[in-house]
Amino acid sequence: MKKVALLIALISTVLLSSACTISPVQSNTSQPLDTTDKQEGVEVSNDDAANSPNKETDMAASRHDQQEIETSDSESQPENTSMDISATDSLIRSPEGKNLSQVKWTPGAPDVSLPMKFGKTKAELVIGLDHPNGTKAIVYFPSSSVGWSLDMSGADGSEAFDDYGDLQEGYKMQAALHDFDQDGINELIVAAGDSLIDECIWVYSFTTVGDLRKINPINQELSITGQSYVELVGKELMVPYGSQGLFDSYKYVDKQFMKPVY
């Protein structure tokens, strides 16, 4: 009996020792599995990164900077700059022979426009085909939503327009702004010609009125004919004639042009 009891005690000791050895191994094996599961759950997609607050702030700042650049470029562009018209094609020139025309229209072409300012009053000249026929030259005033047609009468002897008022083929119309009397308010010059032997010239002034919708503020100050071009020289408008380099001079004095008398 003592031997049986001793054998049972020895077997119990061996089993207890085996159980203590297995438990730490199982515990160590489960720890890395838990760690791996947690790492796989913290995955950030590219879409989430793009929509993060920092990303949205950067995109908004980029759009704002771009808008400021476009506004700056727009504001830096000078108004009423001369077009790229060759001297031989120009109807309105400087004494040095440079083109001063700021807009050009030819028969069959789309309407053209010239943004203008008369003092603080904004306006826009539109030149093009009229309907059902003829040629239009209208000054629009956006502040009052009204437009006034230019008085283009008085250029007798020219063949620039046919019987229906259409500009002839081979002719063009051009316009420019020039402050003849240096009062800070431009005058408007419109010319129609072939750059060779026939040209009509009109000059218009602006007068401040109470209601632009009821009173036309644009007044025709000069209507003459010439040959290939006109020159703007300070207060004078020079019109060549003949083939000897001769000019007629029209000086703007007290809001009117003094015409030569022969």
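# Strands, rings and cores: asking why

Mentor: In this predicted model, strand E12 (residues 236–241) and strand E13 (residues 246–253) pair in the antiparallel sense, and six bridges join them.

Trainee: What makes E12 and E13 count as paired strands?

Mentor: Two strands pair if DSSP finds at least two bridges between them, and E12 and E13 have six bridges, so they count as paired. Within this pairing, leucine 237 stands opposite tyrosine 250 in E13.

Trainee: Which sheet holds these strands, and why are E1 and E14 called its edge strands?

Mentor: The sheet is an open one of five strands in the order E1-E11-E12-E13-E14, with mixed pairing. Strand E1 (92–93) and strand E14 (256–258) each pair on one side only, and they are the edge strands. For the whole protein chain, the count is three helices and 14 strands.

Trainee: Valine 233 is found in strand E11 (residues 230–233); why is valine 233 called partly exposed?

Mentor: Its relative accessibility is 31%, and since buried means under 20% and exposed means over 50%, a value in between is called partly exposed. Leaving aside neighbours within four places in sequence, valine 233 is in contact with Pro95 and Met238.

Trainee: How do you know that phenylalanine 118 and phenylalanine 206 are stacked?

Mentor: A pair of aromatic rings is described by the distance of the centres and the angle of the planes. By the rule for such pairs, the count comes to six aromatic pairs. For phenylalanine 118 and phenylalanine 206 the centres are 5.0 Å apart, which is within 6.5 Å, and the planes are 5 degrees apart, which is under 30 degrees, so the pair is stacked. This pair links distant parts of the chain, with phenylalanine 118 in strand E3 (residues 112–118) and phenylalanine 206 in strand E9 (residues 199–206), 88 residues apart.

Trainee: Are these two rings' residues buried or exposed, and what makes them so?

Mentor: Phenylalanine 118 has 2% relative accessibility and phenylalanine 206 has 10%; the cut-off for buried is under 20%, so both count as buried. Phe118 and Phe206 also form one aromatic cluster with Phe141.

Trainee: Why is the pair of phenylalanine 161 and tryptophan 202 called tilted?

Mentor: Their planes stand at 55 degrees, and because that is neither under 30 degrees nor over 60, the pair is tilted, with the ring centres 6.5 Å apart. Phenylalanine 161 lies in the loop between strand E6 (146–149) and strand E7 (172–178), whereas tryptophan 202 is in strand E9, 41 residues apart. At 24%, phenylalanine 161 is partly exposed, while tryptophan 202, at 1%, counts as buried.

Trainee: How do you know that the charged end of arginine 93 sits over the ring of tyrosine 229?

Mentor: The charged end is 4.0 Å from the ring centre, and the distance limit is within 6 Å; the rule also asks for a position within 35 degrees of the ring normal. The charged end of arginine 93 is listed as sitting over that ring.

Trainee: What makes a group of residues a nonpolar core, and which residues have the most contacts inside the largest one?

Mentor: The members are buried residues of kinds such as Val, Leu and Phe, joined through side-chain atoms within 4.5 Å. The largest nonpolar core has 30 residues, and those with the most contacts inside it are Met116, Leu125, Val139, Phe141, Leu150 and Leu188. A second, separate core of 17 residues includes Phe180, Ile224, Val239 and Tyr252.

How values were computed:
Residues numbered from 1 in each chain as written. Predicted model: local features only at pLDDT ≥ 70, side-chain atom pairs only at ≥ 80, totals over all residues. Heavy atoms only, no water. Buried < 20%, exposed > 50% of the residue type's maximum accessible area, 1.4 Å probe, protein only. Contact = heavy atoms within 4.5 Å. Helix = DSSP H or I, 4+ residues; strand = E, 2+ residues; numbered from the N terminus.
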